[in-house]
Amino acid sequence: MDLPWTFLLVLLCYGQLLPWLRTAGQPSLDAFYNETQAKLFLKFYEQPARIVFNEFMEATWNYVTNITKRNRRNMFQKEVERSQFMLYFGSRARLFKTDHFQNPDVKRMLSKLQNIDKSALPTEDLREYNRILTYMETTYSTAEVCLDEGPCLPLEPDLEEIMATSRDEKELLWAWQRWRDVVGRQIRPVFEHYVQLSNKAAQYNGYKDMGALWRAKYESNTLEEDLKRLFDELQPLYLNLHAYVRRSLFRYYGPEVIDLQGPIPAHLLGNMWAQSWDNILDIALPYPKKPPEDITKIMKNQHWKPEKMFQEANIFITSLGLLPAPPEFWVKSMLEKPADGREVECHASAWNFYRGNDVRIKKCTEVTIEDLLSIFHQMGHIQYYLQFQNLSVIYQEGASPAFEEAVGSVITLSASSHKHLLSRGLLSQQHQDSEEEVNFLLGIALEKIAFIPFSYLVDVFRWKVFDGTITKSIYNQEWWNLSLHVSPISGSDVAS
Ligand SMILES: [Zn+2]
């Protein structure tokens, strides 16, 4: 049986930090004005935090790589322990009066420690919040759409494959709509409660709502205006791309399906969420006589395996002088969908376990160029984790949520260059002429430029849900209203 964290905590740190404990047991007010006491407090936090976080990560990992009731129970238990721990330290961090403290690092760490997110919720609310969150995640990743007389198709890989490769408008609409019917209808009844509990947690942390708490992580008072301005700057380029793609789809599907003055129907863009459009490059190619080489086919001909794809990313990253993935990574990661029939969450993610070099990736890898590039992105997260292992756990997160994502993306962008792919034997043509280069660049635009309005839309929508501007009865309607406004993309007869 596991030792309770409180016991471990005391066992580990008691001797070493007796002086602080003495005051912490019965803290006199003076202790919270004292910078040396604050330093001791932060030092005291470090070791048990690693243990508590590690146990929580292990339990979560066990659940998402083997979805069973037992694993779920265990994960919930560890989450409660982690939250109690955060609450204990967060509320004490709040007592320090830091105005006259000299060391900016101490001030910053104390202020970060105060933001305990959902751990601020009372235990019953926290349990409910975790139940809802897990229910939503599991529903999302395990939902299947069934053919009338045939097998049922999960999102990964089957439905995603249809969205990417089918050019049959009816089949695309079927996959797009049925998946939403299955997932949306199950999640919708609990989503409002999730929003309420999220806001409650945010308010305990001193924020107006959960959107405000999320935005605070960027440490900018003008985040919303800045994003709006950046988005407006991009808009002319995006609208050109949008019009060009709409015209290409019009040529392919005809006027029944595409209105040259209207929004693009979401199911035709090669992706379940219409977030990246690179899968329809074949339809939109400016110079169709010079199609890019089919790298997925080349990979398959060369008998690539998922592990080789990760090694490839590792080679690239170490060639930049960065750190290699440690031996544990290769043993403990889940690099492909298990063949033993276990139910797992396939959505790709990178994990830090707060213990030495224990970092992992979970991904149901398919041998495709998209997955190869997505692996470069995930390995960017792993690199980030490896680089911050020597820092306090308080600093073991991205400088901002966007910055951490950008590290992976910048690595992916350079890995996808013609020069690099050629050097790795994934292309055979030595040079690109200018037409091939334009084809290549359009592919990048379909992936990257198209993504920006989508991600902006997701954030603006969620902020409005959290601040109450968008209420339950108009979730769906307002999503599509915003989508029409921001990205001109429309949903077809979606379930509400
Ligand atoms: Zn990422």
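The following exercises, each with a worked solution, concern a predicted model.

Residues are numbered from 1 along each chain as its sequence is written. Local features need pLDDT of at least 70 and side-chain atom pairs count only at pLDDT 80 or more, while totals for chains, interfaces and linings use all residues, and side-chain values use heavy atoms, with hydrogens and water left out.

**Exercise 1. Helix H3**

Compare the expected span of H3 with the distance between its end C-alpha atoms, then describe its bend, burial and N-terminal cap.

Solution.
- Helices (H or I, at least four residues) and strands (E, at least two) are DSSP runs, numbered from the N terminus.
- The expected span of a helix is 1.5 Å times one less than its number of residues. For the 30 residues of H3 (residues 35–64) this gives 44 Å, and the end C-alpha atoms lie 42 Å apart, which agrees.
- At proline 48, H3 bends by about 30°; the bend is the angle between axes fitted to the seven residues ending there and the seven starting there.
- Buried means under 20% relative accessible area, exposed over 50%, and partly exposed in between (1.4 Å probe, protein chains only). Since 22 of the 30 residues of H3 are buried, the helix is largely enclosed by the rest of the structure.
- The N-terminal end of H3 is capped by asparagine 34, of which a side-chain oxygen lies 2.8 Å from the backbone nitrogen of threonine 36.

**Exercise 2. The zinc site**

Identify the residues that coordinate the zinc ion, and place them in sequence.

Solution.
- Donors are N, O and S atoms within 2.8 Å of the metal (3.2 Å for Na, K and Ca); water is not among the atoms, so sites may look incomplete.
- His377 (NE2), His381 (NE2) and Glu405 (OE) coordinate the zinc ion at 2.1 Å.
- The spacing of these donor residues in sequence is H-x3-H-x23-E.
- Histidine 377 belongs to helix H15 (residues 369–387) and glutamate 405 to helix H16 (residues 401–415), so the pair ties together parts that are 28 residues apart in sequence.
- Histidine 377 counts as buried because its relative accessibility is 16%, whereas glutamate 405, at 37%, counts as partly exposed.

**Exercise 3. Strands E4 and E5**

Describe how E4 is covered and how it pairs with E5.

Solution.
- In E4 (residues 349–352), Ser349 and Trp351 on one side and Ala350 and Asn352 on the other are all buried, which leaves both faces covered.
- Two strands pair if DSSP finds at least two bridges between them. E4 and E5 (residues 359–362) run antiparallel and are joined by 4 bridges.
- Alanine 350 has isoleucine 361 of E5 as its bridge partner.
- The two strands form a hairpin with 6 residues between them, and tyrosine 354 in the turn has a positive phi of about 60°.

**Exercise 4. Backbone at histidine 303**

Where is histidine 303 found, and is histidine 303 buried or exposed?

Solution.
- Histidine 303 is in the loop between helix H12 (295–301) and helix H13 (306–319).
- Its phi is near 55°, a positive value in a residue other than glycine.
- At 60% relative accessibility, histidine 303 counts as exposed.

Key
A polar contact is a pair of N or O atoms within 3.5 Å; within protein, one must be able to donate a hydrogen and the other to accept it, and residues adjacent in sequence count only if both atoms are side-chain atoms.
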